[in-house]
Amino acid sequence: MEENLIIEGTNKTPVIKFYYENGAIEISGKSIPENSIGFYQPIYSWIDNYATKPSPKTEIRINLEYFNTSSSKCLLDIFRKFESIKKAGKSDIEVLWHYEADDEDMMEAGDDYNSLVDLTFRLIKV
Amino acid sequence: MDTEIDINTFYSEMKNENIILSYKGDISQELISSLYPIIENRLEEEVDDQKGRKKIFHVLVECLQNVLHHMETFRSSAEFELMKGNVSGQFMMTRRGDRGYNIFTGNFILNKNFNVLKERIDKVNSMDANELKAFYLGSLSTSELSEKGGAGLGIIDIARKSDNKLEYKIHQLSDVYSFFTLAVKIN
């Protein structure tokens with residue numbers, strides 16, 4: 001099933017826009033849920049399904065204002081799933097990691113993920 | 001049984017001149033979720049620069065989720081039944097003149113769990129910024145997340161973001177449980 005996954009943002013969970021056909025993926029806003037696995041589980045499932053027949057090009061836009069430590073683990077798991085898709089040679093994957101100009105912590109977080117997974121990261125100042 | 005412990009008393013030596021936020025009572029997932037917008041509004045009023053606001057909010061969220069995690073563990077213990085629900089958690093944020101802000105939290109903890117917590121805080125307190133980063137990344141890439149969160153990253157992250165040593169006290173109240181207080185300084 002090539003369905004898109006769209007989830008509205010709240011004051012503690014991010015906007016999720018995952019478009020299957022053109023591989024345009026977006027996570028933006030705030031991610032500070034107490035139980036982040038509960039929130040991210042459907043996203044993991046969506047990626048597992050996407051991995052079976054991904055778009056030749058996948059662009060992952062991350063534009064987060066805040067994320068808590070339990071979300072940081074989930075983000076890593078998401079990147080690892082896309083890393084497997086890339087390693088299987090099924091899709092060109094680029095991560096566009098956005099950070100506000102004065103937010104060094106968010107910039108560093110992008111750098112951190114870049115060092116942990118084998119995906120191309122572009123750090124973009126907004 | 002003295003469960004009426006007040007962070008104000010513990011930290012009276014710190015002479016908190018300016019309380020920005022203060023809460024004492026039951027701390028549940030619903031409660032802290034409803035507090036986020038209130039906290040964000042208060043920070044908007046209190047903290048001029050956006051960078052500082054973000055940092056404080058980030059540390060506050062981790063601190064509150066840390067308290068919640070301890071409270072949930074404590075609530076599921078036999079000891080909680082004996083206390084007949086007389087278990088409250090606390091947090092407070094104060095301004096240190098123009099030198100920054102303090103965040104205090106207080107919660108009950110089972111004695112059998114406090115050694116792990118103590119060792120973790122002592123470990124992060126012994127590290128400099130580079131060591132903390134390496135410790136964080138190592139923990140991030142190897143840790144498993146439980147349903148309730150708590151991959152052990154919270155304390156490392158609080159230390160990293162606050163850029164100060166964490167101060168804590170463990171007040172043993174019985175053979176089974178203690179009251180744990182944490183003070184985080186943000187410059």
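Two strands count as paired here when DSSP finds at least two bridges between them. Keep that in mind for the exercises below, which work through a predicted model.

**Exercise 1. Work out how strand 2 of chain A connects to strand 3 of chain A, and which residue in their hairpin takes a positive phi.**

Step 1. Count the bridges: 5 of them join strand 2 (residues 15-19) to strand 3 (residues 24-31) of chain A, and the two strands run antiparallel. That's past the two bridges that pairing asks for.

Step 2. Pick out one pair to look at. A:Phe18 has A:Ile25 in strand 3 of chain A as its bridge partner.

Step 3. Now check the turn. The hairpin of strand 2 and strand 3 of chain A has 4 residues between the strands, and A:Gly23 takes a positive phi near 65°.

**Exercise 2. Follow chain A from strand 3 to strand 4 and give the handedness of the crossover.**

Step 1. Strand 3 of chain A is joined to strand 4 (residues 57-67) of chain A by 8 bridges, and these two run parallel. For a concrete pair, take A:Ser28, whose bridge partner in strand 4 of chain A is A:Asn63.

Step 2. Trace the path in between: the chain goes from strand 3 through helix 1 to strand 4 of chain A, a β-α-β crossover that is right-handed.

**Exercise 3. Decide how helix 1 of chain A sits against helix 2 of chain A, and what kinds of residues make the contact.**

Step 1. Get the geometry. The two helices of chain A pack at an angle of about 5°, and their axes are 10 Å apart.

Step 2. Angles under 35 degrees count as roughly parallel, so helix 1 of chain A is roughly parallel to helix 2 of chain A.

Step 3. Look at who touches whom. Helix 1 of chain A contributes residues including A:Ile37, A:Tyr40 and A:Ile47, while helix 2 of chain A brings in A:Cys74, A:Ile78 and A:Phe82, among others.

Step 4. Sort the contact by class: 8 nonpolar, 3 polar and 3 charged residues.

**Exercise 4. Describe the side of chain A that touches chain B.**

Step 1. Start with the totals: 19 residues of chain A are in contact with 26 residues of chain B.

Step 2. Ask which elements supply them. On the chain A side, helix 1 (36-50), helix 2 (69-87) and helix 3 (104-116) each give two or more residues. Helix 2 of chain A gives the largest share, 5 residues.

Step 3. Split that side by class, and you get 5 nonpolar, 7 polar and 7 charged residues.

**Exercise 5. Lay out the sheet of chain B, then place helix 3 of chain B on it.**

Step 1. Take stock of the chain: chain B has 7 helices and 5 strands. Along the sequence they follow the pattern α-β-α-α-α-β-β-α-α-α-β-β.

Step 2. Order the strands. The open sheet of 5 strands in chain B reads 1-2-3-5-4, with antiparallel pairing. Its edges are strand 1 (18-25) and strand 4 (167-172) of chain B, each pairing on one side only.

Step 3. Zoom in on strand 3 (residues 101-110) and strand 5 (residues 177-186) of chain B, which are joined by 10 bridges. One to find on screen: B:Asn102 has B:Lys185 as its bridge partner in strand 5 of chain B.

Step 4. Add the helix. Helix 3 (residues 50-75) of chain B lies across strand 2 (89-95), strand 3 and strand 5 of chain B, at about 10° to strand 3 of chain B.

**Exercise 6. Is helix 7 of chain B enclosed or open, and is the residue after it, B:Asp163, buried or exposed?**

Step 1. Count: 7 of the 9 residues of helix 7 of chain B are buried, so this helix is largely enclosed by the rest of the structure. Among them are B:Ile155, B:Ile156 and B:Ile158.

Step 2. Find the neighbours. The buried residues of helix 7 of chain B pack against helix 2 of chain A, along with helix 3, helix 5 (111-125), helix 6 (129-142) and strand 5 of chain B.

Step 3. Zoom in on helix 6 of chain B, where B:Leu132 is found. B:Leu132 touches B:Ile156, B:Ala159 and B:Arg160, among others. B:Leu132 counts as buried because it has 20 C-beta neighbours inside 10 Å.

Step 4. Step off the end of the helix. B:Asp163 is in the loop between helix 7 (154-162) and strand 4 of chain B. B:Asp163 counts as exposed because it has 12 C-beta neighbours inside 10 Å.

Step 5. Check the backbone. Most residues other than glycine have a negative phi. B:Asp163 is not a glycine, yet its phi is positive, about 60°.

Methods
Residues numbered from 1 in each chain as written. Chains lettered and ligands numbered in written order. Predicted model: local features only at pLDDT ≥ 70, side-chain atom pairs only at ≥ 80, totals over all residues. Contact = placed C-beta atoms within 7 Å. Nonpolar A, V, L, I, M, F, W, Y, C, P; charged D, E, K, R; others polar. Axes fitted to C-alpha atoms, helices over the stretch in contact; angles between N-to-C directions. Right-handed = clockwise from strand over helix to strand, strands pointing away. Parallel < 35°, antiparallel > 145°, perpendicular 65-115°, else oblique. Lists of a residue's contacts leave out its neighbours within four places in sequence.
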